[in-house]
Amino acid sequence: QVQLVESGGGLVQAGGSLRLSCAASGRTFNYYNMGWFRQAPGKEREKVAAFGWTGGWYSYYEDSVKGRFTISGDNAKNTVYLQMNSLKPEETDVYYCAARGGLGRSYEYWGQGTQVTVSS
(Lines give C-alpha, C1' and ligand atoms only; values in the text may rest on other atoms or scores of the structure.)
Protein backbone atom coordinates (compact mmCIF):
# COMPACT_ATOMS: atom_id res chain seq x y z
CA GLN A 1 0.00 0.00 0.00
CA VAL A 2 1.04 3.56 -0.67
CA GLN A 3 -0.42 6.53 1.12
CA LEU A 4 -0.30 9.96 -0.47
CA VAL A 5 -1.01 13.23 1.31
CA GLU A 6 -1.15 16.51 -0.60
CA SER A 7 -0.59 19.95 0.86
CA GLY A 8 0.17 23.46 -0.29
CA GLY A 9 -3.11 24.43 -1.87
CA GLY A 10 -4.81 27.71 -1.11
CA LEU A 11 -5.99 31.01 -2.49
CA VAL A 12 -3.76 32.97 -4.84
CA GLN A 13 -4.27 35.87 -7.20
CA ALA A 14 -4.04 35.40 -10.93
CA GLY A 15 -0.41 35.45 -11.98
CA GLY A 16 0.72 34.14 -8.62
CA SER A 17 2.48 30.94 -7.65
CA LEU A 18 1.90 27.95 -5.43
CA ARG A 19 3.93 24.86 -4.69
CA LEU A 20 2.01 21.69 -3.99
CA SER A 21 3.59 18.84 -2.07
CA CYS A 22 2.71 15.16 -2.05
CA ALA A 23 4.19 13.13 0.80
CA ALA A 24 4.29 9.41 0.11
CA SER A 25 4.53 6.61 2.65
CA GLY A 26 4.26 2.85 2.55
CA ARG A 27 5.84 0.78 -0.21
CA THR A 28 7.11 3.83 -2.00
CA PHE A 29 10.29 2.10 -3.23
CA ASN A 30 8.12 0.29 -5.76
CA TYR A 31 6.66 3.43 -7.24
CA TYR A 32 8.76 5.53 -9.54
CA ASN A 33 5.94 7.08 -11.56
CA MET A 34 4.07 9.97 -9.99
CA GLY A 35 1.51 12.32 -11.40
CA TRP A 36 -0.48 15.42 -10.59
CA PHE A 37 -4.06 15.71 -11.73
CA ARG A 38 -6.76 18.33 -11.33
CA GLN A 39 -10.52 18.24 -11.38
CA ALA A 40 -13.22 20.86 -11.27
CA PRO A 41 -16.81 20.03 -10.25
CA GLY A 42 -18.67 18.38 -13.11
CA LYS A 43 -15.53 17.92 -15.19
CA GLU A 44 -13.28 14.98 -15.89
CA ARG A 45 -10.03 14.61 -14.02
CA GLU A 46 -7.15 15.97 -16.09
CA LYS A 47 -3.51 14.94 -15.92
CA VAL A 48 -1.38 18.02 -15.43
CA ALA A 49 2.13 16.64 -15.01
CA ALA A 50 3.92 13.36 -14.40
CA PHE A 51 7.36 11.92 -14.12
CA GLY A 52 8.98 8.62 -13.53
CA TRP A 53 11.57 6.04 -14.46
CA THR A 54 11.32 3.77 -17.46
CA GLY A 55 14.93 2.94 -18.19
CA GLY A 56 15.50 6.67 -18.09
CA TRP A 57 13.65 9.57 -16.50
CA TYR A 58 10.69 10.97 -18.36
CA SER A 59 8.40 13.87 -17.65
CA TYR A 60 5.04 14.91 -19.04
CA TYR A 61 3.20 18.24 -18.98
CA GLU A 62 -0.23 19.04 -20.27
CA ASP A 63 0.10 21.58 -23.06
CA SER A 64 -1.54 24.45 -21.21
CA VAL A 65 0.91 24.27 -18.28
CA LYS A 66 4.17 23.82 -20.18
CA GLY A 67 6.65 26.47 -19.18
CA ARG A 68 4.66 27.39 -16.06
CA PHE A 69 4.44 24.20 -13.99
CA THR A 70 7.32 22.01 -12.87
CA ILE A 71 7.10 18.55 -11.32
CA SER A 72 9.99 17.39 -9.16
CA GLY A 73 10.76 14.94 -6.42
CA ASP A 74 12.88 14.50 -3.33
CA ASN A 75 13.67 10.83 -2.81
CA ALA A 76 15.05 11.38 0.68
CA LYS A 77 11.73 12.89 1.76
CA ASN A 78 9.52 10.65 -0.42
CA THR A 79 7.87 13.82 -1.60
CA VAL A 80 6.79 15.02 -5.01
CA TYR A 81 6.23 18.67 -5.77
CA LEU A 82 4.31 20.67 -8.32
CA GLN A 83 5.55 24.23 -8.69
CA MET A 84 2.84 26.29 -10.35
CA ASN A 85 3.63 29.74 -11.68
CA SER A 86 1.55 32.33 -13.54
CA LEU A 87 -1.64 30.74 -12.33
CA LYS A 88 -4.90 31.49 -14.10
CA PRO A 89 -8.44 31.69 -12.66
CA GLU A 90 -9.54 28.79 -14.86
CA GLU A 91 -7.01 26.61 -13.05
CA THR A 92 -9.10 26.72 -9.91
CA ASP A 93 -9.50 23.02 -9.17
CA VAL A 94 -8.85 20.30 -6.67
CA TYR A 95 -5.37 18.98 -7.35
CA TYR A 96 -4.56 15.33 -6.73
CA CYS A 97 -1.34 13.41 -6.46
CA ALA A 98 -1.25 9.84 -7.79
CA ALA A 99 1.19 6.94 -8.03
CA ARG A 100 1.55 3.94 -10.33
CA GLY A 101 3.90 1.05 -10.65
CA GLY A 102 5.25 1.95 -14.08
CA LEU A 103 4.73 3.73 -17.34
CA GLY A 104 1.63 2.45 -19.08
CA ARG A 105 0.01 1.20 -15.90
CA SER A 106 -3.00 2.80 -14.30
CA TYR A 107 -2.55 5.16 -11.42
CA GLU A 108 -3.68 3.05 -8.49
CA TYR A 109 -3.00 5.24 -5.49
CA TRP A 110 -4.48 8.67 -4.97
CA GLY A 111 -4.27 11.39 -2.38
CA GLN A 112 -7.28 13.18 -0.96
CA GLY A 113 -6.69 16.32 -3.00
CA THR A 114 -5.87 19.90 -2.18
CA GLN A 115 -7.93 22.89 -3.27
CA VAL A 116 -6.31 25.56 -5.41
CA THR A 117 -8.31 28.74 -5.93
CA VAL A 118 -7.04 31.42 -8.29
CA SER A 119 -8.82 34.75 -8.00
CA SER A 120 -9.07 37.19 -10.88
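**Aromatic contacts and charges over rings**

Arg45 lies over the face of Trp110, 4.5 Å from the ring centre. The model is predicted. Its aromatic pairs come to a count of 5, among them Phe37 with Tyr107. Trp110 belongs to a cluster that ring pairs form with Phe37 and Tyr107.

**Phe37 and Tyr107**

- The rings of Phe37 and Tyr107 meet edge-to-face, with 5.0 Å centre to centre and 80° between the planes.
- This pair links distant parts of the chain, as Phe37 and Tyr107 are 70 residues apart.
- Phe37 belongs to strand β4 (residues 33-39), whereas Tyr107 sits in the loop between β9 (93-100) and β10 (109-110).
- Phe37 has a relative accessible area of 8% and is therefore buried, the cut-off being under 20%.
- Tyr107 is also buried, because its relative accessible area is 13%.

**Phe51 and Trp57**

- Phe51 and Trp57 form a tilted aromatic pair, at 5.9 Å centre to centre and 35° between the planes.
- Phe51 is buried, with a relative accessible area of 15%.
- Trp57 has 54% relative accessibility, so Trp57 counts as exposed, the cut-off being over 50%.
- The pair thus joins a buried ring residue, Phe51, to an exposed one, Trp57.

**Charges over rings**

- Lys47 is placed over the face of Tyr60, at 4.8 Å from the ring centre.
- Arg45 takes such a position over Trp110, and Trp110 is linked through ring pairs into the cluster with Phe37 and Tyr107.

Notes
Residues are numbered from 1 along each chain as its sequence is written. This is a predicted model: local features need pLDDT of at least 70, side-chain atom pairs count only at pLDDT 80 or more; totals for chains, interfaces and linings use all residues. Side-chain values use heavy atoms; hydrogens and water are left out. Rings of Phe, Tyr and Trp (its six-membered ring) pair if their centres lie within 6.5 Å; planes under 30 degrees apart count as stacked, over 60 as edge-to-face and the rest as tilted. Helices (H or I, at least four residues) and strands (E, at least two) are DSSP runs, numbered from the N terminus. Buried means under 20% relative accessible area, exposed over 50%, partly exposed in between (1.4 Å probe, protein chains only). A charge sits over a ring if NZ of Lys or CZ of Arg is within 6 Å of the ring centre and within 35 degrees of the ring normal.
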